[in-house]
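Trainee: I am new to this structure and would be grateful for a close look at a single part of it. Could you please take me through one helix and the charged pairs to be found there and elsewhere?

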Amino acid sequence: MKQSPFSLYELNSLVKQTLKETLHTPCWVQAELSEVRINYAGHCYVEFIQKEEGSNALLAKARGNIWKNVFQLLKPYFEQETGQPFVAGIKVLVEVVVDFHELYGYSLTIVDIDPTYTLGDMARQRREILRRLEEEGVLHLNKELDFPLFAQRIAVISSATAAGYGDFCHQLRNNPYGFVFYPRLFPAVMQGDSVEISVIDALNTIYAQADNWDAVVIIRGGGATSDLSGFDTYDLAVNCAQFPLPIITGIGHERDDTVLDSVAHTKMKTPTAAAEFLIEHLREVAENLENVAAALVRSISERIREEKERLFRLTERIPIQVSKRLDRELFRQERLARRMLTSVKVRLEKEEHALLQIDQRLDAVIRSGMEKERHRLDLWEQQVKAASPELLFKRGYSITLWNGKAVTDAARVKPGDRLETRVMYGKITSTVTE
């Protein structure tokens, strides 16, 4: 016997009842967020998906919601624990209540979230990127670069308004040894979805003038840890790993290293620490040079002493006449040694003087450039003032308006039209008679 047909409402009610009896308690679900929307009332609506491993083909999809009172608790908890914003593209483990409405269909209401699952997935993604870089043979390329002895020309990638950039420059300028650094900012977005492309663009700009720089510093300085995901991408990592200049990071966080930190030549925690690294490196170089110079002086003095002793021993075994000749030779050797010592000292003084002159020339060039720019701005200001309507009014000129527009042709007005003539002090209203 043929079964009587269900109405759509009856069928949906049966499905709803079956789900309620089967899944009468909340359950945990693993899925990826493909969409996250927050409406005007504060409720969050999401779309869950599951992809096939390898092909990324969609296997399942479901819509879900987090009511405002729950979302206000779950979102900050999740972001604080993971350092990752609650956005599309991440994998989550959520506790859900399965709902089915006769009119709106199937949905999942989220009541809890486990951030450790997302942390694990993020760590897995970082490990996968690092594994891929290692397989491609680029993971340690930047670390293997020799750090320049005199690293003073520094290309800085940061936000122009970041406090960390100001701290970095202040630390370099006010170092206790009086070293001179030449930092230049290459602006980039340091948080949000644009981090990757923005930093890569800055790197490309620096690469085009790589001979002008000794090292690159990427600093962020403070900010929420939820903004660090932009530094965990393959494209940014492979660009930094293969960059021809040493890269120093100072992204300003205490959590696990980002992928960018792992491929950089040197990783520091903060912008200030990055500046301290550069200062300390230059201090060590200067100290080594001083030690080499001192060792050279000691070596020459020791060689002179040894030669004196050797010649003295020889003089004891030869006739007086030869001894006198050796005395003359000893005097000549001493004089030659003194010249060598003097030459070394003069060379060191010349190098020091040359460095000072370079520093002075740079200051002069900068001051000259600033003076030229200031003069050019003064000329523009005079030109703007000369074209000012107020100056024309002062000279006795006026402007006649009809319907708010300037009258430049008498043929455009006709008798009876009302005109407004503006002068320096006030305006005159008139009517056209002819």
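Mentor: A residue counts as exposed when its relative accessible area is over 50%, as buried when that value is under 20%, and as partly exposed in between. Please keep in mind that the model is predicted.

The part I propose is helix α8, which runs over residues 271-315. At 1.5 Å a residue, its 45 residues should span 66 Å, and the C-alpha atoms at its ends are indeed 66 Å apart, so the two values agree. Several residues of α8 are buried, among them Pro271, Ala274, Ala275, Leu278, Ile279, His281, Leu282 and Val285. Further along the numbering, Ala293, Ile300, Leu311 and Thr315 are buried as well.

Within α8, consider Arg303 and Glu307. They form a salt bridge whose closest N and O atoms are 3.2 Å apart. Because the two residues lie four places apart in helix α8, about one helical turn separates them. An α-helix has 3.6 residues a turn, so residues three or four places apart point the same way. Side chains of opposite charge can pair when their charged atoms come close. Arg303 has a relative accessible area of 52% and therefore counts as exposed. Glu307, at 22%, is partly exposed.

This bridge may be set beside others, for the structure holds 20 salt bridges. One of them joins the side chains of Asp232 and Arg126, at 3.5 Å from N to O. That pair links distant parts of the chain: Asp232 sits in the loop between β8 (215-219) and α6 (234-241), Arg126 belongs to helix α3 (residues 115-135), and their positions lie 106 residues apart in sequence. Asp232 and Arg126 are both buried. Arg132 forms a salt bridge with Glu136, with closest N and O atoms 3.2 Å apart. Here Arg132 is partly exposed at 39%, and Glu136 is partly exposed at 38%. In addition, a network of salt bridges links Glu128, Arg131 and Glu135.

Finally, a strand makes contact with a residue numbered within α8. Thr266, in strand β10 (residues 266-268), touches Phe277 as well as Ile247, Ile248 and Thr249, leaving out residues up to four places away in sequence. Thr266 is buried, with a relative accessible area of 13%. Its side chain also makes a polar contact of 2.8 Å with the side chain of His265.

Notes
Residues are numbered from 1 along each chain as its sequence is written. This is a predicted model: local features need pLDDT of at least 70, side-chain atom pairs count only at pLDDT 80 or more; totals for chains, interfaces and linings use all residues. Side-chain values use heavy atoms; hydrogens and water are left out. Buried means under 20% relative accessible area, exposed over 50%, partly exposed in between (1.4 Å probe, protein chains only). A polar contact is a pair of N or O atoms within 3.5 Å; within protein, one must be able to donate a hydrogen and the other to accept it, and residues adjacent in sequence count only if both atoms are side-chain atoms. Contact means heavy atoms within 4.5 Å. The expected span of a helix is 1.5 Å times one less than its number of residues. A salt bridge is a side-chain nitrogen of Lys or Arg within 4 Å of a carboxyl oxygen of Asp or Glu.
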